[in-house]
Amino acid sequence: MNLILTLMGGLGLFLFGMNFMSQGLQKAAGAKLRSVLTAISKNKYIGVLFGALFTAIIQSSGATTVMVVTFVNAGLMELTQAVGIIFGANIGTTITAQLVSFNLTAIAPMILFVGVVMFLFVKKPIFKKIGEVVIGFGALFMGISMMSGSMQQLNDYPAVINTLSRLTNPVLAILVGLIITVIVQSSSVTVSILLLMAGQGLVALPVCFYFILGCNIGSCMPAVMAAMDAKKDAKRAALIHVLFNVFGMVIISIILIFAMEPFAAFINAISGGDIKRSVANTDTIYKVFQTIIFLPVTAQFIKLANRLIPGTDVRQEGFSLQYINMTAVFSPTAAIVEAMQEIGRMGRKAEQNFRLSMDAFFDGDQSKIDQVYQTEKYIDYLSHEITDYLVDVNQRQLPVADSLKIGVLFHVVNDIERIGDHAENIADAAVRMKEQNLSFTKKATREIQDMFERDMCILTCALEMFENEDHSHMQMILGIEEEVDQMEIDLQNSHIRRMAKGKCSPESGLVFTDLVTGLERIADHATNIAFALTNSTEQ
């Protein structure tokens, strides 16, 4: 009983260390790595290298592939770009087993102590995140130490030895590796445990060869789950991950059937006869081999994925989120990206509705007025759903840079929603003008159009700045916003003079005054959007 409890405790500590280290790495460096990832993924060979590096750093191919699937779903990455990163992620995930294969358990307590000191006593957030990484690293090796000690005693239990001896069947070994990996959601974990078992003589090296193949297929589960309710290209990205490992399993199994002894001799030779190093090296060699033979035929992978998942996405009727998937696997490094894409979409709807409301105001078209009201309902829906998502995300563990943006995004959603409200007010004014048969003078009409065009310039540039996280339009926006502020004062004064001369009725004068005030408010909200990410990046 004590043996089982110790083994379970070691496994729990190992899993905790893996998860804590991965989350800490994503929080400390996830945002920076993500921006580099999206920037250099156009070349599939560079994509492989960075996909491997990214995964090696965050210690999770599942996190990488889920993020890639999310990016494809959000339209930030093409399927052709995703393939190289997915292939690279499969290589990067082998770093964990490589680390475990080295005997670092003796210094695990010291690593854990350093991590705790950094986490508890260093005030800077970035160092606290690094402390989490170090704590996870230390806990991982403490768990390995506990499991390794327990596994030494398993040789004394004939039932365990008999059960493990049945894994000599290649199909059974692949199946067990697959099932266990699906359960724990990490091939790094299962291969590391396999490595420890092999080190205690519980599992023969040939069995490990097949077991690892099953682990590789099982590692696809997080990406598959993330793509369940996603767009077709995101589903295809997850499918390519599965095909990469299934085809690799088939090819490598054939090689093992006909060349088991030479392959085992080669692995032993490069590992210095250390069976733990042999398991870790086998895992790495499999992934590198698969990448070498599959990378030249990525176009064929994409064609096959398109054939297995045919067609295009059907446009959904009614109100819906396009980039945020509430039911998908949560990805810390992709959550803010999803939110910003959806907010950008909401902003573009508000921009279009603003323009449509002014068109409706000037030509009195009832169908345009009705469309403004309907679009405003959509904007309100998006505001509510995005806000709920941000509230949920704010309670999760995010990269440091992304955490700083949460408060900013709440304000951006509010500013866009207010712009939508002002567009609706303009539609209300159009109805009032139509029902009361009111009109403006030609000069008043030109003044409103001039102010509107300035507003549109600010809003369009502000949304571009938000979507691209680019500050290049800031000075221009500030200049135009000052012009709009002055225009409100000048137009109100000139309109008072027109009314005093009897050129404008009091009823149309009230509409004009409200309209000018509303246009000035829209310029303010649009300028707030432009400032939003500028302020967050300077923190």
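Which residues form one aromatic cluster? In this predicted model, the cluster is made up of Phe87, Phe244, Phe247, Phe294 and Phe301. Two of these residues, Phe87 and Phe294, recur in the contact of helix α4 with helix α14, which is described below together with the aromatic pairs.

The protein contains 21 helices and zero strands. Of its 539 residues, 52% count as buried. Among the contacts with a separation of 6 or more, 81% are accounted for by residues that lie 24 or more positions apart.

A search of the whole structure finds 14 aromatic pairs. One of them is formed by Phe263 and Tyr286, whose rings are stacked, with 6.2 Å from centre to centre and 15 degrees between the planes. This pair links distant parts of the chain, since Phe263 belongs to helix α13 (residues 232-270) and Tyr286 to helix α14 (residues 275-294), the two residues being 23 residues apart. Both partners fall below the 20% cut-off for burial: Phe263 counts as buried because its relative accessibility is 15%, and Tyr286 is likewise buried, with a relative accessible area of 2%. A further aromatic pair, that of Phe361 and Phe362, is edge-to-face, with a centre-to-centre distance of 5.5 Å and an angle of 80 degrees between the planes. Within this pair, Phe361 counts as buried at 8% relative accessibility, whereas Phe362, with a relative accessible area of 33%, is partly exposed.

Helix α14, which carries Tyr286, also packs with helix α4 (residues 79-92), at an angle of about 160 degrees and with the two axes 8 Å apart. Because angles over 145 degrees count as roughly antiparallel, α4 is roughly antiparallel to α14. The crossing in which α4 passes α14 is left-handed. On the side of α4, the residues that meet the partner helix are Phe87, Asn90 and Ile91, and on the side of α14 they are Lys287, Val288, Thr291 and Phe294. By residue class, this contact of α4 with α14 divides into four nonpolar residues, two polar residues and one charged residue. The nonpolar residues include Phe87 and Phe294, which are also members of the aromatic cluster that contains Phe244, Phe247 and Phe301.

Conventions. Residues are numbered from 1 along each chain as its sequence is written. This is a predicted model: local features need pLDDT of at least 70, side-chain atom pairs count only at pLDDT 80 or more; totals for chains, interfaces and linings use all residues. Side-chain values use heavy atoms; hydrogens and water are left out. Rings of Phe, Tyr and Trp (its six-membered ring) pair if their centres lie within 6.5 Å; planes under 30 degrees apart count as stacked, over 60 as edge-to-face and the rest as tilted. Helices (H or I, at least four residues) and strands (E, at least two) are DSSP runs, numbered from the N terminus. Buried means under 20% relative accessible area, exposed over 50%, partly exposed in between (1.4 Å probe, protein chains only). Axes are lines fitted to C-alpha atoms, for helices over the stretch in contact, and angles run from 0 to 180 degrees between N-to-C directions. Angles under 35 degrees count as roughly parallel, over 145 as roughly antiparallel, 65 to 115 as roughly perpendicular and the rest as oblique. A crossing is left-handed if the near helix is turned anticlockwise from the far one by less than a right angle, and right-handed if clockwise. Contact means heavy atoms within 4.5 Å.
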